[in-house]
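The exercises below are meant to be worked through with the sequence and the 3D view open. Try each task before reading the solution under it.

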Protein chains: 2
Amino acid sequence: MRTSLKDFKKKALQNPEVKSEYDRLSSAYELRKQLIKIRKDAGFTQEELAELLHTKKSNISRLENVNSKISPKLSTIEEYARAVGYKLEINFILQS
Amino acid sequence: MRTSLKDFKKKALQNPEVKSEYDRLSSAYELRKQLIKIRKDAGFTQEELAELLHTKKSNISRLENVNSKISPKLSTIEEYARAVGYKLEINFILQS
DNA sequence: GACTTTGTTATCATTTATGATAACACTTAC
DNA sequence: GTAAGTGTTATCATAAATGATAACAAAGTC
């Protein structure tokens with residue numbers, strides 16, 4: 001293989017448009033990984049958490065699912081976090 | 001005055017339901033203060049930012065307004081931040 | 001005082017997230 | 001292998017955020 005996947009990624013990320021999309025997706029991915037982590041750390045299944053939030057497990061799955069194309073409301077994330085014993089902290093980092 | 005405002009607040013915040021509502025409102029308030037701050041630091045008016053985001057100044061005002069009862073989408077906040085040169089960082093803090 | 005700039009508020013249309021239900025896939029324990 | 005537990009996916013109805021327009025308010029400029 002002439003061009004490795006890694007090289008391709010590196011090159012692609014030099015394209016500003018690609019990078020921007022990458023950042024957006026990766027932060028969405030990170031968020032969902034974090035959601036799953038705090039739920040599991042708190043020892044809840046999706047169904048148990050759904051009950052705490054007065055909703056259904058399918059909705060929790062959608063929220064946590066990486067493939068999901070939704071951008072959740074801030075309040076949804078806050079309530080999810082609170083239900084499993086966490087608090088949301090939001091910071092704005094100057095892009096350098 | 002027998003009961004000072006401060007005492008009232010302190011007492012009220014011992015009521016879990018009141019505290020929960022207080023936290024929610026105060027974090028929403030903080031968020032909006034931060035939004036306004038980063039926009040001003042970047043030197044934009046609401047109208048200028050609106051143009052960057054392909055929307056209207058009234059919508060920016062609604063987003064920034066403390067009295068607003070909306071809970072914005074995560075993507076809305078992310079795009080706002082990015083447009084004024086900031087990146088969003090989200091952390092989940094264990095409630096102790 | 002009139003004028004410009006900036007932000008606010010109300011309203012309506014449109015888009016999108018969320019709620020609910022059901023069927024399915026996967027794992028694990030029996 | 002089958003039954004229970006857990007998570008996924010598709011779909012539809014409902015609620016809520018966002019987009020757009022217009023009129024207004026406040027503050028500063030001349």
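In the counts by class used below, Ala, Val, Leu, Ile, Met, Phe, Trp, Tyr, Cys and Pro are nonpolar, Asp, Glu, Lys and Arg are charged, and the others, Gly among them, are polar. The model is a predicted one.

**Exercise 1. Describe the protein surface near DNA strand D, first by class and then by residue and element.**

Step 1. Sorted by class, the residues of the surface near DNA strand D comprise 2 nonpolar, 11 polar and 6 charged.

Step 2. There are 19 residues around DNA strand D, and those that come nearest are A:Q46, A:S58, A:N65, B:S58 and B:T76. Among the atoms of DNA strand D within 4 Å of the protein, 55% are accounted for by sugar and phosphate.

Step 3. Individual atom pairs can now be added to this picture. On a base of DNA strand D, an oxygen lies 2.7 Å from an N or O atom in the side chain of B:S58. On the backbone side, a phosphate oxygen is 3.4 Å from an N or O atom in the side chain of B:T55, and a polar side-chain atom of A:R39 is 3.3 Å from a phosphate oxygen.

Step 4. The elements that contribute two or more residues to this surface are α4 (57-64) of chain A and α4 (57-64) of chain B.

**Exercise 2. Find which residues come closest to DNA strand C, and state which of its atoms their side chains approach.**

Step 1. DNA strand C is surrounded by 19 residues, of which A:S58, A:T76, B:Q46, B:S58 and B:N65 are the closest.

Step 2. From A:S58, a polar side-chain atom lies 2.7 Å from a base oxygen of DNA strand C, while for B:K57 the distance from a polar side-chain atom to a base oxygen is 3.0 Å. The side chain of B:N65 instead has a polar atom 2.4 Å from a phosphate oxygen of the strand.

Step 3. Of the atoms of DNA strand C within 4 Å of the protein, 55% belong to sugar or phosphate, and the rest belong to bases. The surface near this strand has 2 nonpolar, 11 polar and 6 charged residues, and α4 of chain A and α4 of chain B each supply at least two of its residues.

**Exercise 3. Work out how chain A and chain B are related, and where the axis passes chain A.**

Step 1. A turn of 180 degrees, with a shift of 0.0 Å along the axis, lays chain A on chain B with an RMSD of 0.0 Å. The two copies are therefore related as by a two-fold rotation axis.

Step 2. The C-alpha of chain A nearest the axis belongs to A:K73 and lies 2.0 Å from it. Both copies use the same surface, since 100% of the contact residues of chain A recur in chain B.

**Exercise 4. Characterise the contact between chain A and chain B.**

Step 1. Each side is counted in turn: 28 residues come from chain A and 28 residues from chain B. Together the chains bury about 2700 Å², with 58% of it on carbon and sulfur atoms.

Step 2. In chain A, the residues that lose the most area to chain B are A:L74, A:K87 and A:F92, together 25% of what that side buries.

Step 3. Between the two chains, 10 residue pairs are in polar contact, whereas the number of salt bridges across the interface is 0.

Step 4. On the side of chain A that touches chain B, α2 (16-41), α5 (74-83) and β1 (86-94) of chain A give two or more residues, and the largest share, 9 residues, comes from β1(A). By class this side has 13 nonpolar, 8 polar and 7 charged residues.

Terms used:
Residues numbered from 1 in each chain as written. Chains lettered and ligands numbered in written order. Predicted model: local features only at pLDDT ≥ 70, side-chain atom pairs only at ≥ 80, totals over all residues. Heavy atoms only, no water. Near = heavy atom within 4 Å. Polar contact = N/O pair within 3.5 Å; in protein donor to acceptor, adjacent residues only side chain to side chain. Helix = DSSP H or I, 4+ residues; strand = E, 2+ residues; numbered from the N terminus. Least-squares fit on C-alpha atoms with pLDDT ≥ 70 in both. Contact = heavy atoms within 4.5 Å. Buried area = accessible area lost by both parts, 1.4 Å probe. Salt bridge = Lys/Arg side-chain N within 4 Å of Asp/Glu carboxyl O.
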